Amino acid sequence: MVSELDVLFAALPLLVVGILLVGLLWPATRAMPIAWLAAIGVAAVVWNMPPAWLAAATVEGILTAIQILWIVFGALVLLYTMMLAGAFDALNRSFATVSEDRRIQVILVAFFLATFLEGVAGFGTPAAVVAPLLLGLGFPALAAVIAALIGHIIAVTYGAVGTPIIVGIREPMDSVFRIRTALESEGVTAAEFSVNVAAWAATYHLLVGVLMPFIAVAMVVYFFGERRSIRPALEVAPLCLFAGVAFGVPYWFAAWYVTPEFPSLIGSMVGATVVVGALRAGYFVPDEDWEFPDQSEWPDHWLGDIQPGDRGSVLSSEPRMSLVRAWTPYLLLLVLLVVTRLVEPLPALLQGETVTILGRELSLTLWSISTGVGQFTIGLVSLEWAEIFGTRIGNEIDFGYVPGMWLLASALAAMVLFDMERSDATTACLEAARKLVTPLIALVFVLAMAQVMLQSAAHPDAPPQSMIVVLAMATATVFGPAYPFVAALIGALGATLVGSNTVSNITFGPLQFIAAENLGISRELTVGSQAVGGAIGNLVAIHNVVAALATVGLVGQEGRVIRVNLVPLVYYTVFVGVWTVLFVYVLFPDVF
């Protein structure tokens with residue numbers, strides 16, 4: 001039986017995160033090292049984890065952080081390559097020239113472009129790119145940030161080419177002994193479980209997120225129109241719904257029948273093509289263009305240090321690149337990812353496994369070394385460290401399988417395709433590396449804290465339940481059968497605290513699994529709700545809000561953005577909660 005004191009100690013690291021990060025608004029680079037120390041202290045004193053096991057769990061978190069940063073680095077190199085070559089200007093023009101109506105610009109830029117960027121890069125990239133573009137089109141700075149944050153949320157579950165699922169769901173499910181054992185007893189691998197979770201998460205998103213284009217438009221016209229009214233949004237409601245369906249259907253199909261890497265990419269590319277085609281054909285075009293009030297009437301808090309431009313400023317110069325050429329690197333990325341994930345035996349080979357081709361065994365593993373600090377398996381595109389510091393804790397980095405390798409390959413191809421100067425190519429790489437410094441510190445300590453909490457019961461002399469299991473059992477006890485209703489909210493709170501869907505899944509995914517197991521309800525559906533909640537928490541995550549505001553020169557208005565974005569956050573968590581309850585108890589009670 002779990003005592004109240006155990007629950008309090010188990011929650012202490014997360015309380016530290018909440019107080020320092022949310023209450024005192026400390027940056028993650030300061031708050032997370034302290035939270036990690038709190039986890040270390042609780043694990044050592046209350047859970048009796050020896051120093052070697054604490055160090056091993058910390059190293060496991062660091063290895064996961066390196067894998068995430070490898071993906072981020074590749075995404076940023078490709079992004080900066082596109083920007084420096086002028087390809088991104090061509091993509092921007094393709095959206096900006098379709099219509100002068102601000103509502104349509106919200107749909108095309110804040111929804112479709114933002115979801116596309118989330119699919120290929122993630123980690124705050126959509127708001128950082130889309131908000132300045134909207135500002136350049138003439139949006140108030142505050143409206144640009146709110147629209148960009150709301151617009152990309154449905155894509156976050158599969159952001160950075162599936163990182164929140166691949167790293168956030170699959171890896172912790174495979175590393176927690178209790179969960180791995182439960183999966184194995186059902187003949188399910190962690191990889192198969194994570195794919196199923198991704199599919200159910202897309203189902204929740206389709207049912208609830210189809211209205212997100214309308215909500216983004218409604219928030220802009222209500223808070224930034226001449227009168228506080230959503231009537232202008234209702235005028236384009238058919239277009240908003242059409243956009244939501246055009247995105248949601250291929251998005252859902254990709255999650256169920258392709259892989260978790262592609263839903264956001266496929267949904268945004270197919271949806272944008274369909275919607276732009278419909279608009280150019282004259283369908284769903286409003287009778288009159290909607291515009292913001294004259295800039296002289298804008299309140300001071302709408303504006304930052306960077307003045308809004310207008311449509312003409314974005315289109316002031318002639319395009320240097322065709323749209324087809326500009327899209328080519330991302331199309332190449334899509335092909336590379338499909339091939340390396342669906343064409344056997346490449347997936348196994350790139351993950352360090354031995355495969356048989358034409359009767360001959362082939363492996364990219366170079367050598368395996370046993371040392372006093374663990375077992376190392378080193379390959380051409382992978383690195384595994386097992387039995388870290390003599391424990392049963394281990395982790396691996398599949399450099400060749402995770403999207404980072406193919407993002408970099410696409411960036412290198414783009415440099416050749418665009419005939420970039422060597423200095424510009426170097427700048428793209430250096431700028432991407434520079435952007436990693438702050439996330440490096442934050443991610444290392446966030447993931448180290450999460451792994452200490454996850455592995456706190458791994459030592460033979462430790463209590464039977466880890467800190468995460470204790471929290472899961474307590475949460476399930478408090479909410480009882482109503483737990484599925486708050487599963488998405490828990491995921492959202494996690495993302496709000498740490499600013500990352502991936503880290504929210506790592507931290508709370510095992511909790512949700514075990515809570516569902518204790519209640520005897522579907523683990524896939526419950527963890528799928530977590531994956532959705534971890535996405536929508538980014539609406540009010542301090543890191544995302546600050547980063548987006550900084551791009552438009554409006555730092556200091558975090559409170560206003562968070563208060564406004566609570567509206568779509570409440571909408572999403574409530575309705576995902578309702579659907580989760582219906583799924584686990586009525587519609588799909590037999591799902592694993």
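A nonpolar patch of about 890 Å² sits on the surface of this predicted model. Its members are Phe-485, Leu-566, Val-570, Val-574, Phe-575, Val-578, Leu-582, Tyr-585, Val-586, Leu-587 and Phe-588. The biggest share comes from helix α26, residues 558–587, which puts nine residues into the patch. An α-helix makes a turn every 3.6 residues, so positions three or four apart point the same way. Among the patch residues are Val-570, Val-574, Val-578 and Leu-582, and Val-578 is found in α26. The relative accessible area of Val-578 is 36%, so this residue counts as partly exposed; it clears the 30% needed for patch membership.

Helix α26 also has a covered side to show. Asn-565 is found in this helix too, but with a relative accessible area of 0% it is buried. Setting aside neighbours within four places in sequence, the contacts of Asn-565 are Ile-146, Leu-149, Ile-150, Leu-539 and Val-540. So within α26 there is a partly exposed valine, Val-578, and a buried asparagine, Asn-565.

Helix α5, residues 102–120, is another covered piece of the model. Buried residues make up 19 of its 19. From first C-alpha to last, α5 reaches 25 Å, close to the 27 Å expected for its 19 residues at 1.5 Å a residue. Just after the helix comes Gly-122, where phi turns positive at about 65°.

Now for the chain as a whole. The secondary structure adds up to 26 helices and six strands. The C-alpha trace spans about 70 × 55 × 45 Å along its principal axes. A compact globule of 592 residues would have a radius of gyration near 25 Å, and the 23 Å found for this chain agrees with that. Of the 592 residues, 60% count as buried. Contacts tell a long-range story: taking those with a separation of 6 or more, 76% join residues 24 or more positions apart. On the outside, the chain exposes about 22600 Å², with carbon and sulfur atoms supplying 64% of that area.

A few backbone details in the loops deserve a look. The peptide bond from Glu-344 to Pro-345 is cis, its omega being near 5°. Pro-345 lies in the loop that runs between α16 (323–342) and α17 (346–350).

Positive phi values also turn up away from glycine. Glu-387 is one such case, with phi of about 50°, and its place is the loop between strands β5 (383–386) and β6 (395–397). With a relative accessible area of 49%, Glu-387 is partly exposed; the cut-off for exposed is over 50%, so this residue stays in the middle class. Asp-419 is another, with a positive phi near 55° in a residue other than glycine. Here the loop is the one between helices α18 (404–417) and α19 (422–435). Asp-419 has 65% relative accessibility and therefore counts as exposed.

Note on methods: Residues numbered from 1 in each chain as written. Predicted model: local features only at pLDDT ≥ 70, side-chain atom pairs only at ≥ 80, totals over all residues. Heavy atoms only, no water. Patch = residues over 30% accessible without salt bridge, like charges linked within 9 Å, V, L, I, M, F, W, Y side chains within 5 Å. Areas by Shrake-Rupley, 256 points an atom, 1.4 Å probe, with all protein chains shown as cover. Salt bridge = Lys/Arg side-chain N within 4 Å of Asp/Glu carboxyl O. Helix = DSSP H or I, 4+ residues; strand = E, 2+ residues; numbered from the N terminus. Buried < 20%, exposed > 50% of the residue type's maximum accessible area, 1.4 Å probe, protein only. Expected span 1.5 Å × (residues − 1). Rg over C-alpha atoms; globule rule 2.2 N^0.38 Å. Contact = heavy atoms within 4.5 Å.
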